[in-house]
Amino acid sequence: MAKIQTPQAVRGTQDMFGESEERFAHVVATFERVRRLYGFKGLQLPVIEPTAVFSRSLGEATDVVSKEMYSFEDRGGDSITLRPEFTAGIARAYLTNGWQQFAPMKLSVHGPLFRYERPQKGRYRQFHQIDAEIIGAAEPAADVELLVMADQLLKELGINDGVTLQLNTLGDTPSRDAWRAALVGYFNDHKHALSEDSLARLEKNPLRILDSKDPMDRPVAAAAPVIDDYLSGEAQDFFGAVTAGLDAAGVAWTRNAALVRGLDYYRHTAFEFVTDRLGAQGTVLGGGRYDGLIENLGGPATPAVGWAAGIERLAMLIEQLPVQQLEAMIVLENDAGLGQAFALLRQLRQAGISADMIATGSPKKRYDKAVKQNPAAILRVNENGYYGFSGEDTNSPLMNFLKSLAP
RNA sequence: GCGAUCGUAGCUCAGUUGGUUAGAGCGCUGGUUUGUGGUACCAGAGGUCGGGGGUUCAAGACCCCUCGGUCGCCCCA
């Protein structure tokens, strides 16, 4: 029997347990609660999609598509990709199921996503997002609705302190194209003052030079043409309606004219909730409007807005985690009472009281073990059965139930 | 993909210029004590020093390769 080297977890994946799992679950539970408050329907979607779903919608030249996707050929010879984001898959589902009949749709999803990147704080190869989208709504009110929901979600998670909403508009397609052309011209004139990274960006994604972190780029970026000078009247009105809506709803925001999106499909509103508490991965929730995406996937022109947030990043920011306390812990003081302990355990659980028991190890240390798990009450069982409990005597349902048990 | 840094018991770590049998605290298991909400003490189990190769009489320590974590770049939520 040759011993094998125990396999490690795949790089960039996580095994979550204990506090990290509780944080994760709390983010998801809070999201599920809040999205219902806003009337967003849930969705369950495949983790694998045809590769074309992402290559057509995100832009072939983006890093996500060109070097970060987990793509493979399945046994039938089809090119399959583990989803690197939600939006494209949602758009695909919208089209393949004919959900135009339900438009406008308010949808939400959460689950794992996959990107082949170098792992670091707040960035994993299998990571998880919560996601909300409104499809088939062209009006700025939809943008406002999503942002108000995001704002409430962050508040309910208790992480809105130190997180700011940065807002920008990329304009409609003509505005964006004109701005982009002006930027390319401007940056070409200032090539000598750009970093090496930004020279590469100039070819692939010139908008990204605007939010470059390289100190060398900052002066050039700061003096670059601004979108405001290229916005059509329509695009201006749209952005004005979004900001007015946010003000009316009491959502704080700041304008960041250098805020752009990494993926090609965005138009009009672009936004990020940003924190300085996560090091280099400061974006906590981000999104925008993507009116062109569904058309790119072969569907009818369909307006849509959405956002996504990294569950791991939100989980790391939570400061006060609700305590998960077991209500009743049975200590079996003598193994002869095991049967009666089973019966009591079942009775408790059927009454809706969370309960567990300690019945192994040194009998004399069982009590100590129970104490360490910090249950609301410890129930004592010996060879004669249940004979009492200890714990703070309150008027809670748990205590009333325990008092009803005749010792 | 690039740079930096780290990897010793289940966890957090110590381990001298390379030198006997690699240690501590916590946790775990058992016992004694206490006696009904975290007692104290005693004992025990638990380590291919991330993995592979090299230098050396001798490597946890030095060199090379490799895997993984962390931080930054890039990318992005």
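This is a short chat about the sheets and domains of a predicted model.

Reader: What kind of model is this, and which pLDDT values count?
Author: The model is predicted: local features need pLDDT of at least 70, side-chain atom pairs count only at pLDDT 80 or more, and totals for chains, interfaces and linings use all residues. Residues are numbered from 1 along each chain as its sequence is written, while chains are lettered from A and ligands numbered from 1 in the order in which they are written.

Reader: Which domains does chain A have?
Author: Domain 1 (19-172 + 232-317) and domain 2 (328-404); the bounds come from an automatic or database domain assignment. Their C-alpha centres lie 47 Å apart.

Reader: In what order do the four strands run in their open sheet?
Author: The order is β13-β12-β14-β15, with mixed pairing. Strands (E, at least two residues) and helices (H or I, at least four) are DSSP runs, numbered from the N terminus. Two strands pair if DSSP finds at least two bridges between them.

Reader: Are β12 and β13 parallel or antiparallel?
Author: They pair in the parallel sense, over four bridges. Val331 has Ile358 in β13 as its bridge partner.

Reader: Which helix packs on that sheet?
Author: Helix α12 (residues 338-350), touching β12, β13, β14 (377-382) and β15. Contact means C-beta atoms, placed from the backbone, within 7 Å. The direction of α12 makes about 175° with that of β12; axes are lines fitted to C-alpha atoms, for helices over the stretch in contact, and angles run from 0 to 180 degrees between N-to-C directions.

Reader: And the three-strand sheet, how is it ordered?
Author: β2-β4-β3, with antiparallel pairing. The edge strands are β2 (48-50) and β3 (70-73).

Terms used. Two residues are in contact if their C-beta atoms, placed from the backbone, lie within 7 Å.
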